Amino acid sequence: MRPLSHDEFAGAEPHPVASGMNILVVGVGGQGVLMISKALALMAQRQGFQVKQSEVHGMAKRGGIVFSHVRFAERVWSPTIPQGEVDALIALEWAEGLRWLDHLRPGRGVFIADTRKIVPPFACRARTPGAPIAYARETPAEIVGRVAEGWALDATGIATALGDARAANTVLLGRLSAHLDYAPADWQAVIAAIVPKATREINRKAFEAGRAWIAPAMVEAPPPSARTAPAEGPATVPAGRPVVSIDPAWCKGCRICTTLCPEHCLTMQGGVAAVTAPDACTGCHVCEWLCPDFAITVRREGVLG
Amino acid sequence: MLAAADDAEEKAAATFPLTGNEAIARGAWEAGIKVAAAYPGTPSTEILENLATYDPADLTAQWSINEKVALDTAIGASFAGVRSLAAMKHVGLNVAADSLMSFSYIGAHGGLVLVVCDDPGIHSSQNEQDTRLFCRFAGVPVLEPADAQEALDFTRAAFEISETFQTPVIVRGTTRLSHTRSVVTVGERSVPPSRGFVNDASRTVTIPANARRLHPKVISREAALADYLETSALTVREDGDTRFGIVTSGIAYLYVKEVVPEASVLKLAGAYPLPEQTIRDFAASVGRLIVVEELEPALEDAIRAMGLPCEGKSLFPRIGELSVELLRTGLADAGLIAAPERVASHGIAPMARPPVLCSGCPHTASFLALRSIGAHVAGDIGCYTLAAIEPLRSMDTCVCMGASIGNAIGLAKAGTDKPVVATIGDSTFLHSGIPPLIDAVYNKANITVVVLDNHITAMTGGQDHPGTGRNLRGEPAPKVDTEALCRAIGIDWVRTVDPYEIGRVIQTLREAVAHRGVSVVIASRPCVLDPVKIKGAPMAVREDGCVACQSCMNLGCPSLGWSGALFEGRNKVRIDETTCIGCTLCAQVCPSDCIQPVGV
């Protein structure tokens with residue numbers, strides 16, 4: 001696909017905001033979802049719209065999902081945006097953008113997402129050899145191709161290059177601004193009104209960078225992310241199920257293995273360690289290596305030694 | 001980037017955007033309250049935090065040790081003849097219920113408003129009980145604002161009603177009201193003259209003889225309030241399409257207006273008491289009568305009891321948050337509107353992202369240690385309830401605030417094959433953990449209590465409490481000494497440990513569970529977020545040393561993830577330096593000693 005020029009994209013067809021808009025801002029705790037929402041709400045209010053901004057942030061500080069509905073129109077009733085009526089979805093984290101994708105207005109909604117991934121510990125739970133990471137597999141090129149208008153950019157990378165990764169949200173706001181028929185100076189005034197004084201300059205630059213951002217090439221591979229899925233196919237996945245054997249005669253019951261087994265396969269039984277959850281064993285050898293009495297061996301089924 | 005409250009220009013104007021909670025605080029301030037008290041609880045927390053931003057000369061705003069004390073404080077102020085407010089989340093009202101039920105008989109002297117914020121959809125609670133049913137049970141009128149403007153206006157009106165009808169008034173919000181921001185026209189503060197001390201023991205002392213005389217007054221008050229609501233501006237009738245009419249209240253009204261703006265609507269002030277004649281007249285003016293309300297059929301049951309046929313919960317769910325989508329579906333099912341268009345799905349399975357304990361959270365180590373000693377763990381309410389899920393999975397029960405210690409007593413008395421441990425946070429311990437701890441000593445229960453002391457009320461966003469040494473306004477305050485308190489109630493075995501020393505925590509817990517009787521372990525270490533964000537030198541994994549055992553991943557630390565490299569086909573681990581705070585817990589559990597501070 002041919003990259004769009006800035007004029008073609010940014011100036012040509014701003015979203016008609018005369019009748020108002022529904023904007024959904026999503027991310028995870030601590031990313032600045034509420035700052036973008038506040039900026040949008042203040043902007044709309046200054047344009048004479050009635051504005052409602054609704055957020056859920058109960059578990060936000062615990063790395064959970066954060067989402068904020070911003071609605072503005074001549075008259076706004078519901079504080080939340082019905083599914084399929086989101087005019088613009090701003091995602092501060094890639095998988096969060098995908099979570100809310102179905103809320104976009106079919107055939108018209110604009111999708112703007114940071115391609116950076118914040119992989120939750122939950123996604124790295126599978127321990128067995130070759131286990132895949134439980135993170136969204138859809139690529140930016142794939143998603144941008146699916147929606148009416150999609151912009152997937154490494155906003156965190158852009159903000160980091162400008163001097164502060166935390167301004168990634170303002171980069172995305174800048175990208176959205178190109179879709180709305182308001183003067184850049186008005187946006188800058190709104191941002192200046194809500195960010196702390198010391199961060200005004202970085203936010204000004206981040207906004208401009210986002211507004212001027214042009215997709216390098218829509219079908220390119222995703223940019224490098226903070227944590228990517230493991231490399232294809234491990235070189236040597238050991239064959240056979242791991243089998244732990246404990247010699248009770250040698251075990252003195254020090255509980256080192258039961259305490260340190262990452263999968264909690266071992267428990268104390270009658271004063272000595274015993275394998276009580278053999279199916280959970282990943283064959284990591286930690287118990288074998290740490291046993292001060294050489295009472296434990298870990299072998300693979302069908303493998304001698 | 002942080003959003004600073006740097007909108008001085010907005011504050012100068014007579015209208016500015018407020019959340020529901022900010023508007024309630026503003027309304028209470030405008031109504032001239034002198035005393036406000038609360039225990040933090042999502043989504044109600046910001047009400048008192050906002051009241052504390054007003055001039056201390058105008059009002060006292062304070063964190064109470066629990067919701068009952070907050071309501072008792074407000075009741076005391078009412079006895080003194082001034083206006084007062086208590087705020088809490090829905091389950092907080094259970095704690096304060098004893099006071100509410102009796103004060104309903106006594107009635108308000110100075111205006112008393114109790115703000116209760118429900119959590120339909122259970123965004124951050126242990127249930128979604130509907131406070132409107134409680135109001136009817138207590139015989140206390142309820143006002144349900146729909147948006148921030150009404151939050152302010154209804155709060156002001158609630159004080160007038162409270163004094164006119166000598167009743168406490170409940171202003172009932174929901175998460176959506178509390179945390180939705182919209183433009184509000186504000187007013188000025190006007191302080192009514194103090195009514196002076198109530199000085200009427202026949203009313204304010206609830207001995208049986210008095211209570212028997214007071215109860216009929218509650219019944220007649222109900223009738224008087226219903227009469228008032230027949231003509232009050234709080235009851236709004238909008239005549240439109242007469243094929244069907246919708247009876248609703250609170251935030252549900254907004255969804256109704258979004259979906260059927262032309263419908264005939266009767267918007268009630270709240271679910272109790274009800275203006276029966278107004279409802280009868282409205283019902284007579286429309287074809288089918290539809291009741292739209294979130295959660296329980298409070299309005300529907302009452303309207304049906306009037307002998308009026310109506311439809312409600314047969315069309316809309318009795319659980320979870322109401323929404324535009326649910327309303328459309330329900331009205332379409334009833335044949336009243338066209339079926340909503342189905343939005344085609346992109347078919348992307350949402351990724352699981354459960355909330356987790358923060359990087360460096362001191363609770364992490366306490367629960368990792370608890371898992372290793374193999375005890376039955378009775379938990380409590382706080383961030384640490386997250387230890388119930390993988391990978392820590394070391395909490396067996398969590399009922400409600402302060403339940404852990406009593407539950408542990410019962411477990412121990414029933415007899416179990418494992419040691420019994422109760423875990424409770426510092427704020428929850430002060431809220432409702434002390435009486436059960438005394439009970440455990442008195443009844444010689446063989447339990448260990450772990451006080452997870454992170455020196456703050458963390459779950460609700462970092463509020464002070466009597467153990468932090470500061471009050472709601474940030475001023476220095478007396479500080480509870482938990483260890484001394486335990487000794488004073490007769491516990492000999494009390495140890496304080498630093499949860500960052502995981503070996504010592506395990507050792508201490510083993511000794512504690514071996515002790516016969518009540519033992520207390522205080523795991524003391526400040527929260528990494530509040531009152532100050534803690535960030536130390538980050539750790540890094542020496543990749544050639546990592547054998548992918550994933551012992552560190554059992555911490556559930558959000559800074560730990562897979563590196564992309566493999567060892568024997570299993571994923572090696574990498575630490576995100578930007579979020580790691582350097583607590584060293586992962587290094588302490590690493591059997592191959594390959595986690596070190598960055599740069600070593």
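Strand 16 (493–497) and strand 17 (519–524) of chain B run parallel and are joined by five bridges. Within this pair, Arg495(B) has Val521(B) of strand 17 as its bridge partner. Strands of a sheet pair through backbone hydrogen bonds, either parallel or antiparallel. Here, two strands are taken to pair if DSSP finds at least two bridges between them. Strands (E, at least two residues) and helices (H or I, at least four residues) are DSSP runs, numbered from the N terminus.

The structure is a predicted model, in which local features need pLDDT of at least 70, side-chain atom pairs count only at pLDDT 80 or more, and totals for chains, interfaces and linings use all residues. Residues are numbered from 1 along each chain as its sequence is written, chains are lettered from A and ligands numbered from 1 in the order in which they are written, and side-chain values use heavy atoms, leaving out hydrogens and water.

Strands 16 and 17 belong to an open sheet of five strands in chain B, with the order 13-14-15-17-16 and parallel pairing. Its edges are strand 13 (376–378) and strand 16, each of which pairs on one side only. From one strand to the next, the twist averages 20 degrees. Helix 16 (403–414) of chain B packs on this sheet and touches strand 13, strand 14 (420–425) and strand 15 (448–453). Contact means heavy atoms within 4.5 Å. The direction of helix 16 makes about 175 degrees with that of strand 14. For such angles, axes are lines fitted to C-alpha atoms, for helices over the stretch in contact, and the values run from 0 to 180 degrees between N-to-C directions.

Chain B also has an open sheet of six strands, in the order 3-2-4-5-7-6, with parallel pairing. Strand 3 (60–63) and strand 6 (142–143) each have a single partner strand, so one side of each has no neighbour in the sheet. Four bridges join strand 2 (35–38) to strand 3, and Ala37(B) has Gln62(B) as its bridge partner in strand 3. Helix 4 (67–79) of chain B lies across strands 2, 3, 4 and 5, at about 165 degrees to strand 4 (84–89).

Some loops of chain B have unusual backbone geometry. Most residues other than glycine have a negative phi, and most peptide bonds are trans. Ile122(B), however, has a positive phi, near 50 degrees, and is found in the loop between strand 5 (112–118) and helix 6 (131–138). A cis peptide bond joins Glu390(B) and Pro391(B), with Pro391(B) in the loop between strand 13 and helix 16. Another cis peptide bond joins Asp530(B) and Pro531(B), and Pro531(B) is in the loop between strand 17 and strand 18 (539–541).

Chain A is divided into domain 1 (19–226) and domain 2 (240–300), with bounds from an automatic or database domain assignment. Their centres, taken over C-alpha atoms, are separated by 48 Å.

The structure holds 14 cavities of 30 Å³ or more. On a 1 Å grid over the protein atoms alone, a cavity is a set of points where a 1.4 Å probe fits but cannot get out, and lining residues have an atom within 4 Å of a point. Grid points are joined across faces, edges and corners, and a volume is the space filled by probe spheres set on the points. The largest cavity has a volume of about 120 Å³. Of its 18 lining residues, the closest to the centre are Ser359(B), Gly360(B), Cys557(B), Cys583(B) and Cys586(B).

Technical notes
1 Å grid on protein atoms, 1.4 Å probe; cavity = no way out; pocket = protein on both sides within 12 Å on 5 of 7 lines; lining within 4 Å.
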